[in-house]
Amino acid sequence: MNLDETPAEAAFRAEVRDRLMAEIVPLVSGRPVGFAERLEADRRLAAAGYLGYSWPTRFGGAGGDPIMAGILDEECSRAGVPRSLSPSRFGADLLAPALMAHGTDDQLAELLPGIRDCRTIWCQGFSETEAGSDLANVQSFATDAGDHLVLNGSKVWTTQAHEADWCFALVRTSRDRPRHRNLSFVLFDMKQPGASIRPITQLTGEAEFNELHFDGVRVEHRHVIGGIDDGWRVAMTVVGAERSYGQLSRYRNYLGQLKAVAAMIQRAEAGPRSTWLRELGELTADVTGIRNSSYKITSLAAAREPLGVLPSMTKLWWSSTHQRLMDLGQEVAVATGTDLDHWQTEWLRSRGESIYAGTSQVQRNIVAERMLGLPK
Ligand SMILES: Cc1cc2nc3c(=O)[nH]c(=O)nc-3n(C[C@H](O)[C@H](O)[C@H](O)COP(=O)(O)OP(=O)(O)OC[C@H]3O[C@@H](n4cnc5c(N)ncnc54)[C@H](O)[C@@H]3O)c2cc1C
């Protein structure tokens, strides 16, 4: 793996950095950054042609390769708008790859432009109370009503559902077919009367995710992706994308936080400095490893080679490392009285990282079974 950038990649990075410095940094620096600022940042990225930059030109992208997409990820994070928090991520990073892999020409023509231009904001309706890690157990049911489908049931933990225009969801469409062959991947308008939303307040006091209830929600036949009862493979494309998108934006984010913790330790007049410094050293090694692993994923994707279990290993690594980094950040902040609200909120936020996009236990199972060949 060659870590040096080609002249074209270096020129692209410089162009992106200048543009983000002019158009995004003034929008998000020196103020609390919420959904509205992130959405405006997404719209500016879209106007600059950076959203969907790596999509093939026939799908309305710029045909940039995964390395260019990685450079964009890093630079967005450096500018204060990491992909992992961007409102457009569910559409551009999770749904679009699944549409390109499984959608028909008509579906691509109808759906991709709204994602690329950031006109349509999406949410992901997968989890239910009895279907999280065991996703194939979803019970929300869509019945064929002739010219459309009618959806009843509920979902939970749906991030940004209250802001979304549309939802992509995995639902059951048959009762008598084998598991995994009775599920469909459907899209529907969130603003219709049968779709209701109840916000869930998190430990941070924010309500970023929700319960969804469907009471006769209308799903058009043309909005079933991959065919009726054949949605599992579409959902698996989304799950794969979820584990590997925005990797470089995470690493860049952690690097900034490592530096902030180091600065707090440097200013500390009391406290177990040598213990903190040792932990800081170990975290620096882990963050460097996450960077290298993310570069590996990016170069495998660029070479169109299979990623294997690398996204699962990396997901496990970034979530556990970031939780340790937030443990240290909070401890030093409390001991030094620095920016307590900020570190407390970040610490609380990091708790969910070992749960979403596949829990740590599930990632360990994947690595154990598929890489190490251990028995189930
Ligand atoms: C911040 C956040 C945002 C989220 N956003 C979304 C979203 O936008 N859309 C969406 O659909 N979902 C979302 N989720 C839900 C998330 O995908 C689920 O929480 C996750 O899949 C785990 O499912 P569960 O909560 O039902 O836990 P369960 O699957 O019930 O797991 C409970 C515990 O059992 C363990 N476990 C389960 N199965 C196994 C196994 N086979 N082997 C070993 N251990 C196992 C798990 O690791 C976990 O520790 C979000 C979650 C969080 C925290």
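In this predicted model, Q107 touches L112, R222, V224 and I225, once residues up to four places away in sequence are set aside. Q107 itself belongs to helix α6, which covers residues 105–116. Is this residue, Q107, buried or exposed? With a relative accessibility of 8%, Q107 counts as buried, because the cut-off for that class is under 20%. One of its contacts can be described in finer detail: a polar atom of the Q107 side chain lies 2.9 Å from the backbone oxygen of V224.

Strand β4, made of residues 166–172, offers a good place to continue the tour, as seven of its seven residues are buried. The cover extends to both faces of β4. On one side, W166, F168, L170 and R172 are all buried, and on the other side so are C167, A169 and V171. Two pairings involving β4 can be followed in the model. Strand β1 (residues 122–125) pairs with β4 in the parallel sense, over four bridges, and here W122 has W166 as its bridge partner. Strand β5 (residues 183–189) runs antiparallel to β4 and is joined to it by seven bridges. Within that second pairing, L170 of β4 finds its bridge partner in F185 of β5.

A hairpin is formed by β2 and β3, with three residues between the strands. Strand β2 spans residues 141–144 and strand β3 spans residues 148–155; the two pair in the antiparallel sense over four bridges. Opposite T143 stands V150 of β3. In this hairpin, G146 takes a positive phi near 95°.

Away from the strands, P56 sits in the loop that links α3 (35–47) and α4 (66–78). Its relative accessible area is 29%, so P56 is partly exposed, a class that lies between the cut-offs of 20% and 50%. Beyond its neighbours within four places in sequence, P56 is in contact with G61, G63 and M100. As for a residue farther along the chain, E279 is 223 residues from P56 in sequence, and the two are 43 Å apart in space, C-alpha to C-alpha.

The surface has a feature of its own to look at. Which residues make a nonpolar surface patch of about 380 Å²? The patch is made by M313, M371, L372 and L374. Of these, L374 is placed in the segment after α12 (360–371). L374 counts as partly exposed because its relative accessibility is 45%.

Note on methods:
Residues are numbered from 1 along each chain as its sequence is written. This is a predicted model: local features need pLDDT of at least 70, side-chain atom pairs count only at pLDDT 80 or more; totals for chains, interfaces and linings use all residues. Side-chain values use heavy atoms; hydrogens and water are left out. Two strands pair if DSSP finds at least two bridges between them. Buried means under 20% relative accessible area, exposed over 50%, partly exposed in between (1.4 Å probe, protein chains only). Contact means heavy atoms within 4.5 Å. Patches are made of residues with over 30% relative accessible area and no salt bridge: like charges are joined within 9 Å, nonpolar side chains (Val, Leu, Ile, Met, Phe, Trp, Tyr) within 5 Å. Accessible areas come from the Shrake-Rupley method with a 1.4 Å probe; for residues, only the protein chains shown count as cover. A salt bridge is a side-chain nitrogen of Lys or Arg within 4 Å of a carboxyl oxygen of Asp or Glu. A polar contact is a pair of N or O atoms within 3.5 Å; within protein, one must be able to donate a hydrogen and the other to accept it, and residues adjacent in sequence count only if both atoms are side-chain atoms.
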